[in-house]
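Here are some exercises to work through with the model open beside you. Try each task before you read its solution.

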Amino acid sequence: MPLQAPGRVLLSAEDIARRVEELGGEICAYYRREGRGELTVVSVLKGGFVFLADLIRHMDIDLSLDFMAISSYHDADDRPRGVRIIKDLSQSIYRRRVLVVEDIIDTGLTLSYILRNLREREPEEIRVCTLLDRAARRIAPLELHHRGFEVGEEYLVGYGLDYRQRWRNLPFVCVLEGAVADGRLT
Ligand code: PRP
């Protein structure tokens, strides 16, 4: 049986493809215009990998790829308390240009931790690209340089985003609805 989407489609595969191509062009234009120094594109696992894979194929410039993985921890009331690195970059970013690629920025806590951590390594510059921006839920203010779509507060899955590790492989982004969203199905 084919994989069922757990709710309505918010961004179709075509919507995403069109915007990702535009973002790739926008990013390349920036680095062509401003670009001195070598570029490292950093993806934050796991959610960012699908977007990254599509985005870099629209980035017609010289770059290296690297990956980080982060684990967030929460208090008893499920409020975010902090993050720690569970997989670090494999290469130095000293004096390099860095582009952090995220699938979604929500409270901003994960990214602000990552940015603080990366800045200590003295890169030439750090910029941020996110496919989805859930700006209404921001706690930590952040500057985003490239942004695909602003989204509302609904829980989203697909195109790398998960609910309990499921649905990352959907080729579109959909709103989690029904029994799963109500917590009746796990
Ligand atoms: C998502 C996303 C960001 C983070 C954003 O990752 O990829 O890293 O949440 O949330 P924030 O702005 O509130 O900090 P998640 O923790 O779901 O892990 P995953 O990438 O493995 O799905």
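Before you start, a word on elements: helices (H or I, at least four residues) and strands (E, at least two) are DSSP runs, numbered from the N terminus. You're looking at a predicted model, so local features need pLDDT of at least 70, side-chain atom pairs count only at pLDDT 80 or more, and totals for chains, interfaces and linings use all residues. Residues are numbered from 1 along each chain as its sequence is written, and side-chain values use heavy atoms, with hydrogens and water left out.

**Exercise 1. The chain as a whole**

Work out which pattern of helices and strands the chain follows.

*Solution.* Step one: count the elements, and you get 4 helices and 9 strands. Step two: read along the sequence, which gives β-α-β-α-β-β-β-α-β-β-β-β-α. Step three: check the radius of gyration (taken over C-alpha atoms; the globule rule is 2.2 Å times the number of residues to the power 0.38). The chain comes out at 17 Å, close to the 16 Å that the rule gives for 186 residues, so it is as compact as a globular protein of that length. Along the principal axes, the C-alpha atoms fill a box of roughly 50 × 40 × 30 Å.

Step four: look at burial, where buried means under 20% relative accessible area, exposed over 50%, and partly exposed in between (1.4 Å probe, protein chains only). Buried residues account for 46% of the 186 residues. Step five: turn to contacts, meaning heavy atoms within 4.5 Å. Of those between residues at least 6 apart in sequence, 63% join residues at least 24 apart.

**Exercise 2. Helix 2**

Find the buried residues of helix 2 and say which elements they pack against.

*Solution.* Helix 2 covers residues 49-56, and its buried residues are Val-50, Phe-51, Leu-52 and Leu-55. Their packing partners are helix 1 (13-34), strand 2, strand 3, strand 5 and strand 6 (125-133).

**Exercise 3. Three charged residues under cover**

For Arg-127, Asp-106 and Arg-168, find the place in the chain, and then the side-chain partner. You'll need polar contacts: pairs of N or O atoms within 3.5 Å where, within protein, one must be able to donate a hydrogen and the other to accept it, and residues adjacent in sequence count only if both atoms are side-chain atoms.

*Solution.* Start with Arg-127, which is found in strand 6. Arg-127 is buried because its relative accessible area is 11%. Beyond four places in sequence, Arg-127 touches Tyr-30, Tyr-31, Val-98, Leu-99, Val-100, His-145 and His-146. With one of these, His-146, there is a side-chain polar contact of 3.3 Å.

Next, Asp-106 sits in the loop between strand 5 and helix 3. Its relative accessible area is 18%, so Asp-106 is buried. Setting aside residues up to four places away, Asp-106 touches Arg-134, Arg-137 and Arg-138. The side chains of Asp-106 and Arg-134 make a polar contact of 2.8 Å.

Last, Arg-168 lies in the loop between strand 8 (156-157) and strand 9 (173-175). A relative accessibility of 15% is why Arg-168 counts as buried. Its side chain has a polar contact of 3.5 Å with that of Asp-162. Outside its four-place neighbourhood, the contacts of Arg-168 include Lys-46, Gly-47 and Val-50.

**Exercise 4. Val-151**

Is Val-151 buried or exposed?

*Solution.* First locate Val-151, in the loop between strand 7 (146-150) and strand 8. Then take its relative accessibility of 10%: Val-151 is therefore buried. Among its contacts more than four places away are Leu-10, Ile-104, Leu-132 and Arg-134.

**Exercise 5. The largest pocket**

Describe the volume and lining of the largest pocket.

*Solution.* Pocket first: on a 1 Å grid over the protein atoms alone, a pocket is an open set of points where a 1.4 Å probe fits, with protein on both sides within 12 Å along at least five of seven lines; lining residues have an atom within 4 Å of a point. Grid points are joined across faces, edges and corners, and a volume is the space filled by probe spheres set on the points. The largest pocket holds about 1,400 Å³. Its lining has 43 residues, with Ser-72, His-74, Ile-104, Asp-106 and Thr-110 nearest the centre. Elements that each supply at least two lining residues include strand 3 (64-74) and helix 3 (109-119).
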